[in-house]
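Work through these exercises with the sequence and the model side by side. Try each task before you read its solution.

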Amino acid sequence: SIPLGFFGGIGGASKKGILVKGGNYLEALNSIDTVVFDKTGTLTKGVFSVNEIIAFDGFSKDEILEIASYAENFSNHPIAATILNEYKGKIDKSSIKDHIEIPGYGIKVIAEGKEILVGNSKLLKRENIKVPEADEIGTIVYVALDGKCVGYIVISDQLKDDSADTIKELKKMGVRRTIMLTGDNSATGSKIARELGLDAVYSELLPDQKVERFEELYENKLTKGNIIYVGDGINDAPVIARADVGIAMGALGSDAAIEAADIVLLTDEPSKLINAIKIARRTRSIVW
Ligand code: ADP
Ligand code: MG
């Protein structure tokens, strides 16, 4: 006889690049109240392009990019890769005395006796530095030197090809709420939420605040269904761990995220969630 697992269940899922750590997690996908997504690297590609560089105080655009690159050299964030890719010059690492990455904010380095900060508006506010107005739509990466903002870089990401269809399909399947959590600014968060037809977006969240927001979703849950979280694992392993079903996207995901996850998607496609739900439904109909 042919084992049922070949057609459905955990075995069938793994053939599609969906690793499920227990049959109960597959079963949990049969009743979903809410699906929560991370933004960068999950619904968007996480591969940004530089749209614009704004320089103040006699600095050139090239200098702003150079200063930013000295800091981003120490980060694994998708934003760092983007900026380093744009900067064609060399980085003299011997000039850098100290560096620290502040998750959800950005990077601080000491180079040639000067303090460089590269990150979002929260990072500048945290250091009591005046944040210049930036009207451009996109993720704004501010560059500060010795306590003063000297410019900023506007970058933007792209939606993954299957993100919009995934949201549409979840709605068709009866999911009540689709929500996005992001550390990015609210202009960018809202724009993406509109484009994808999400029910809600919470922006400008620090890694800890993502967990708090997530907890609040349990308080205003209307059905008995589960709350599912899908993230890429950069700064969101605690939310993956807290969800009824925590899903990590494999290719970029950190070890901590893969460890915390109940389901691991081996590719970067959010639509794998739809495949997983379909397998769960089929498995239930075989068992019952
Ligand atoms: P998300 O995946 O929702 O964008 P993150 O917690 O990974 O959330 O990042 C939140 C924000 O923190 C980013 O949008 C960016 O503004 C800032 N940030 C984090 N790391 C860096 C970095 N290395 N360089 C610049 N900005 C950063
Ligand atoms: Mg992320």
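**Exercise 1. Find where D146 sits, then decide whether D146 is buried or exposed.**

Step 1. Start with the place. D146 lies in the loop that links β7 to β8 (148-156). Keep in mind that this is a predicted model.

Step 2. Count neighbours. D146 has 11 other C-beta atoms within 10 Å. The cut-off for exposed is 12 or fewer. D146 is therefore exposed.

Step 3. Check the backbone. D146 has a phi near 45°, which is positive although the residue is not glycine. Most residues other than glycine have a negative phi.

**Exercise 2. Treat E112 in the same way: where is E112 found, and does E112 count as buried or exposed?**

Step 1. E112 is in the loop between β5 and β6.

Step 2. E112 has 10 C-beta neighbours inside 10 Å, so E112 counts as exposed.

Step 3. The phi of E112 is near 50°, again a positive value in a residue other than glycine. The loop belongs to the hairpin of β5 and β6, with 2 residues between the strands.

**Exercise 3. Describe strand β5 and the strands that pair with β5.**

Step 1. Look at burial. Strand β5 covers residues 106-111, and 5 of its 6 residues are buried.

Step 2. Take one partner. Strand β4 (residues 96-102) pairs with β5 in the antiparallel sense, over 6 bridges. Across this pair, H99 faces V109 of β5.

Step 3. Look at the turn. The hairpin of β4 and β5 has 3 residues between the strands, and G104 there has a positive phi near 85°.

Step 4. Take the other partner. Strand β6 (residues 114-119) is joined to β5 by 6 bridges, and these two strands run antiparallel. Here K108 is opposite L117 of β6.

Step 5. Add a rule for reading the picture. In a regular strand, side chains alternate between the two faces of the sheet.

**Exercise 4. Which domains make up the protein chain, and how many residues of each are in contact with the other?**

Step 1. Read the bounds. Domain 1 is 4-45 + 159-287, and domain 2 is 49-156.

Step 2. Place the centres. The centres of domain 1 and domain 2, taken over C-alpha atoms, are 31 Å apart.

Step 3. Count the contacts. On the domain 1 side there are 12 residues, in contact with 8 residues of domain 2.

Step 4. Name the elements. On the side of domain 1 that touches domain 2, α3 and α8 each give two or more residues. The largest share, 3 residues, comes from α8.

Step 5. Sort by class. This side of domain 1 has 4 nonpolar, 6 polar and 2 charged residues.

**Exercise 5. Where does ligand 1 lie with respect to the two domains, and why?**

Step 1. List the shell. There are 23 residues around ligand 1, and T40, S75, N120, T182 and G183 come nearest.

Step 2. Find the elements. Those that give two or more residues to the shell are α3 (39-43), α5 (78-86), β5, β6 and β7 (139-145).

Step 3. Sort by class. The shell has 8 nonpolar, 11 polar and 4 charged residues.

Step 4. Conclude. Domain 1 and domain 2 both give residues to this shell, so ligand 1 lies between them.

**Exercise 6. Which residues is D199 in contact with, leaving aside neighbours within four places in sequence?**

Step 1. Locate D199. The residue is in the loop between α8 (186-196) and β10 (200-202).

Step 2. Judge the surroundings. D199 has 15 other C-beta atoms within 10 Å, so D199 is partly exposed.

Step 3. Name the contacts. They are R177, T178 and I179.

Step 4. Compare sequence with space. I167 is 32 residues from D199 in sequence, yet their C-alpha atoms are 9.8 Å apart.

**Exercise 7. Describe the protein chain as a whole.**

Step 1. Count the elements. The protein chain has 12 helices and 13 strands.

Step 2. Test compactness. The radius of gyration is 21 Å, close to the 19 Å of the globule rule for 288 residues, so the protein chain is as compact as a globular protein of that length.

Step 3. Box the chain. Along the principal axes, the C-alpha atoms fill roughly 75 × 35 × 30 Å.

Step 4. Check burial. Of the 288 residues, 43% are buried.

Key. Residues are numbered from 1 along each chain as its sequence is written. Chains are lettered from A and ligands numbered from 1 in the order in which they are written. This is a predicted model: local features need pLDDT of at least 70, side-chain atom pairs count only at pLDDT 80 or more; totals for chains, interfaces and linings use all residues. A residue is buried if 20 or more other C-beta atoms lie within 10 Å of its own, exposed if 12 or fewer, and partly exposed in between; C-beta atoms are placed from the backbone. Helices (H or I, at least four residues) and strands (E, at least two) are DSSP runs, numbered from the N terminus. Two strands pair if DSSP finds at least two bridges between them. A residue is near a molecule or strand if its C-beta atom, placed from the backbone, lies within 6 Å of it. Ala, Val, Leu, Ile, Met, Phe, Trp, Tyr, Cys and Pro count as nonpolar, Asp, Glu, Lys and Arg as charged, and the others, Gly among them, as polar. Domain bounds come from an automatic or database domain assignment. The radius of gyration is taken over C-alpha atoms; the globule rule is 2.2 Å times the number of residues to the power 0.38. Two residues are in contact if their C-beta atoms, placed from the backbone, lie within 7 Å.
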